[in-house]
Amino acid sequence: MEDSKLVRVAVDAMGGDYAPSEIVKGAVNALLHNAQLDVTLAGDEKQMEELLKNMDYPTQRLHLLPTTQVIEMAEPPVAAIMRKKDSSIVQGMKLVRKGECDAFVTAGSTGATLVGGQTIVGRLKGIERAPLAPLLPTAKGPVLLIDCGANVDARASQLVQFAQMGSIYMENIVGVKNPRVTLFNIGAEEEKGNALVKETYPLLKELDINFTGNIEARDIPAGGADVVVCDAFTGNAILKMYEGVASVLLSEIKGAMLSSAVSKLGALLVKPSLKKTLRKFSVSSYGGAPLLGLTGLVVKTHGNAKAIEVENSIAQCIAFTNAKVNEQFRDKMHLVDHTKPVETRQNG
């Protein structure tokens, strides 16, 4: 296989609760399962080498980028990116900016990832804002929530771009044909909502996407949409509520099943079916949340990610690169660089 066909992914080995062991394990598993993958692990060289010496992996497709600093979760993002130039996040993203890698994966600081994505990797020309877009489980398959954390205050024109990017991503990466794109609102009627959604709704109707109208929060878990468009303040509230309810329900179900001898017997009988159902609602199977609209892909996976989620996040990068999603953003969204003045032909 020629090097030009390899998908090159930089991975932050030091980010997350289980770094570097689970991160390195996930990267190695991804290499073993994907012959077209090339991985660069950024982090503490001694720790990475110690972990790798007990693993079998294709050495020609795994590279180490030694770094001396780690951005911690609680650090102010902007200051951390500026101060810790030799951190695994900064150095990994620089590989994407320089074109030496196609994508970057991290389980580290969300804030630093968002800041670094915008300032180091940089946006595609014509993209106003880069949204963070996780996949959430529903009764009918995953739904893309866009934005969930990058742009707390958004304009209607930005939500329009989120809808376009979300539709392209779901069709090409998740395989949903003609995905149903919805606008998050407090009611299904077009006239409901705040000023932002009222301004955005008619703009979405004009797009060449399958816009199906507004969606309320209660309809998301049932699978009422494939893409849910909103500003990051709203999206983050949806995401955290989703995670919180899921955690409580799982805890309550477990407690009920272990509450008596009879319930324990019943738990044994339903265990296979229950595990299958819970697997359907496991976020780890979807990988991480992509930061879309950048010159290269950045994927933020959960801080408590284990090897399987890291591996799936890397797999996202392969699918994204092979599908030429950024090229589709440019072509289908007719991107124009609004930062430069339009040249006009002078008569004479």
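# Exercises on a predicted model

Y201 has a relative accessible area of 11% and is therefore buried. The structure is a predicted model, and the exercises below work through its features.

## Exercise 1. The buried side of helix α7

Task: Determine which residues of helix α7 are buried, and where they lie around its axis.

Solution. Step 1. Helix α7 spans residues 195–205, and its buried residues are L196, V197, T200, Y201 and L204.

Step 2. These residues cover an arc of only 125° around the axis, so they lie on the same side of α7.

Step 3. The cover over the buried residues of α7 includes helix α6 (156–174) and the strands β7 (180–184) and β8 (210–215).

## Exercise 2. Aromatic pairs

Task: Establish how many aromatic pairs there are, and classify the pair of Y169 and F320 and that of Y201 and F211.

Solution. Step 1. The count comes to two aromatic pairs.

Step 2. In the pair of Y169 and F320, the centres are 6.4 Å apart and the planes enclose 45°, a tilted arrangement. Y169 belongs to helix α6 and F320 to helix α10 (residues 307–322), so that the pair links distant parts of the chain, 151 residues apart.

Step 3. Buried means under 20% relative accessible area. Y169, at 2% relative accessibility, is therefore buried, and F320 is likewise buried because its relative accessible area is 6%.

Step 4. For Y201 and F211 the values are 5.1 Å centre to centre and 75° between the planes; planes over 60 degrees apart count as edge-to-face. Y201 is in helix α7 and F211 in strand β8, so the pair ties together parts that are 10 residues apart in sequence.

Step 5. F211 is buried, with a relative accessible area of 15%. Its partner Y201 is one of the buried residues of α7.

## Exercise 3. Salt bridges

Task: State how many salt bridges a search of the whole structure finds, and locate the partners of the bridges R8 and D102, R155 and E128, and E190 and K205.

Solution. Step 1. The search of the whole structure finds 10 salt bridges.

Step 2. One of them joins the side chains of R8 and D102, at 3.1 Å from N to O. R8 lies in strand β1 (residues 7–12), while D102 lies in the loop between α4 (88–97) and β4 (103–106); the pair therefore ties together parts that are 94 residues apart in sequence. R8 is partly exposed, with a relative accessible area of 27%, and D102 is partly exposed at 22% relative accessibility.

Step 3. The side chains of R155 and E128 meet in a salt bridge with an N to O distance of 3.2 Å. R155 is in the loop between β6 (143–146) and α6, and E128 is in the loop between α5 (110–121) and β5 (135–136), 27 residues apart. The relative accessible area of E128 is 21%, which makes this residue partly exposed.

Step 4. E190 and K205 form a salt bridge of 3.6 Å, N to O. E190 is in the loop between β7 and α7, and K205 is in helix α7, 15 residues apart. E190 counts as partly exposed, at 36% relative accessibility.

Step 5. E75, R83 and K84 are joined into one network by salt bridges that share partners.

## Exercise 4. A nonpolar surface patch

Task: Identify which residues form a nonpolar patch on the surface, and give their accessible area together.

Solution. Step 1. The patch is formed by M241, V245, L249 and I253, which together have about 360 Å² of accessible area.

Step 2. M241 is located in helix α8 (residues 232–257). With a relative accessible area of 56%, M241 is exposed.

## Exercise 5. Backbone features

Task: Describe the peptide bonds from A19 to P20 and from I146 to D147, and the phi values of K324 and H334.

Solution. Step 1. The bond from A19 to P20 is cis, with omega near -5°. P20 lies in the loop between β1 and α1 (21–33).

Step 2. The bond from I146 to D147 is also cis, with omega near 20°, and D147 lies in the loop between β6 and α6.

Step 3. K324 is not a glycine, yet its phi is positive, near 50°. K324 lies in the loop between α10 and α11 (325–333) and is partly exposed at 49% relative accessibility.

Step 4. H334, not a glycine either, has a positive phi of about 50°. H334 is found in the segment after α11 and is exposed, with a relative accessible area of 64%.

Definitions and conventions:
Residues numbered from 1 in each chain as written. Predicted model: local features only at pLDDT ≥ 70, side-chain atom pairs only at ≥ 80, totals over all residues. Heavy atoms only, no water. Buried < 20%, exposed > 50% of the residue type's maximum accessible area, 1.4 Å probe, protein only. Helix = DSSP H or I, 4+ residues; strand = E, 2+ residues; numbered from the N terminus. Arc of directions from axis to C-beta. Contact = heavy atoms within 4.5 Å. Patch = residues over 30% accessible without salt bridge, like charges linked within 9 Å, V, L, I, M, F, W, Y side chains within 5 Å. Areas by Shrake-Rupley, 256 points an atom, 1.4 Å probe, with all protein chains shown as cover. Salt bridge = Lys/Arg side-chain N within 4 Å of Asp/Glu carboxyl O. Phe/Tyr/Trp six-rings, centres within 6.5 Å; stacked < 30°, edge-to-face > 60°.
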